[in-house]
Amino acid sequence: MADLGLMFKAIDTLIIINTAVKNMLLYPPTSAMIVKTIDRLQDSLLPIMENNEVVFAESERSILFNGEPLSQKDQDRPQVRAFLELLTNLGIRSIT
């Protein structure tokens, strides 16, 4: 089982990734909204990636983090569902 602290950080990062993609579709690249979201994403990713591999994957319409499914509660979060839909629509099976 994955470290729960790492799992919570990964879920927060997944939500920020979803926000960043959504904002990039709505605002020009130089927008303060984009810059702020990308900075938040970097701040979220760096501590996770220092000592760990980070893998988000789709399997049977669920999100996996480092090979383990997120809890049903987390799977049902709107941001996680939107991220899953994004992966599915783009034909992406995993992000490492």
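Okay, let's start with one residue: aspartate 74 is buried, because its relative accessibility is 11%. For the cut-offs, buried is under 20% relative accessible area, exposed is over 50%, and partly exposed is in between, using a 1.4 Å probe and protein chains only.

Quick housekeeping before going on. This is a predicted model, so local features need pLDDT of at least 70 and side-chain atom pairs count only at pLDDT 80 or more, while totals for chains, interfaces and linings use all residues. Residues are numbered from 1 along each chain as its sequence is written, and side-chain values use heavy atoms, with hydrogens and water left out.

Back to aspartate 74. Which side chain does aspartate 74 meet in a salt bridge? That's arginine 77, at 3.6 Å from N to O. A salt bridge here is a side-chain nitrogen of Lys or Arg within 4 Å of a carboxyl oxygen of Asp or Glu. Arginine 77 itself is partly exposed, at 29% relative accessibility.

How many salt bridges does that rule give? Three. To place the other two, we need the sheet.

So, the sheet. It's open, with four strands in the order β3-β2-β1-β4 and antiparallel pairing. At the edges sit β3, residues 68–69, and β4, residues 94–95, each pairing on one side only. Strands and helices are DSSP runs numbered from the N terminus: E over at least two residues for a strand, H or I over at least four for a helix. Two strands pair if DSSP finds at least two bridges between them.

Take β1, residues 56–59. With β4, β1 pairs in the antiparallel sense over two bridges, and alanine 57 stands opposite serine 94 of β4. With β2, β1 is joined by four bridges, again running antiparallel. One pair to click on there is phenylalanine 56 with its bridge partner in β2, phenylalanine 65.

Now the helices against that sheet. Helix α1, residues 4–26, lies across β1, β2 (62–65) and β3, and runs at about 125° to β2. Helix α4, residues 78–90, also packs on the sheet: α4 touches β1, β2 and β4, and its direction makes about 95° with that of β2. Contact means heavy atoms within 4.5 Å. For the angles, axes are lines fitted to C-alpha atoms, for helices over the stretch in contact, and the angle runs from 0 to 180 degrees between N-to-C directions.

Next, the turn, for anyone who likes backbone torsions. β1 and β2 form a hairpin with two residues between them. What's the phi of glutamate 60? Near 50°, a positive value in a residue other than glycine. Arginine 61, in the loop between β1 and β2, has a positive phi too, about 60°, and isn't a glycine either. As background, most residues other than glycine have a negative phi. On accessibility, glutamate 60 counts as exposed at 75%, and arginine 61 as partly exposed at 38%.

Arginine 61 brings us back to salt bridges. Its side chain meets that of glutamate 85, at 3.3 Å from N to O. Glutamate 85 is in helix α4 and arginine 61 in the β1–β2 loop, so this pair ties together parts 24 residues apart in sequence. Glutamate 85 is partly exposed, at 35% relative accessibility.

The remaining pair is glutamate 58 with arginine 93, where the closest N and O atoms are 2.5 Å apart. This one links distant parts of the chain: glutamate 58 is in strand β1, arginine 93 is in the loop between α4 and β4, and they're 35 residues apart. Are the two partners buried or exposed? Glutamate 58 is buried, with a relative accessible area of 13%, whereas arginine 93 is exposed at 54%.

Last stop, the surface. Leu25, Leu26, Tyr27 and Met33 make a nonpolar patch of about 430 Å². Patches take residues with over 30% relative accessible area and no salt bridge, joining like charges within 9 Å and nonpolar side chains (Val, Leu, Ile, Met, Phe, Trp, Tyr) within 5 Å. The areas come from Shrake-Rupley with a 1.4 Å probe, and for residues only the protein chains shown count as cover. Within the patch, leucine 26 belongs to helix α1 and is exposed, with a relative accessible area of 56%.
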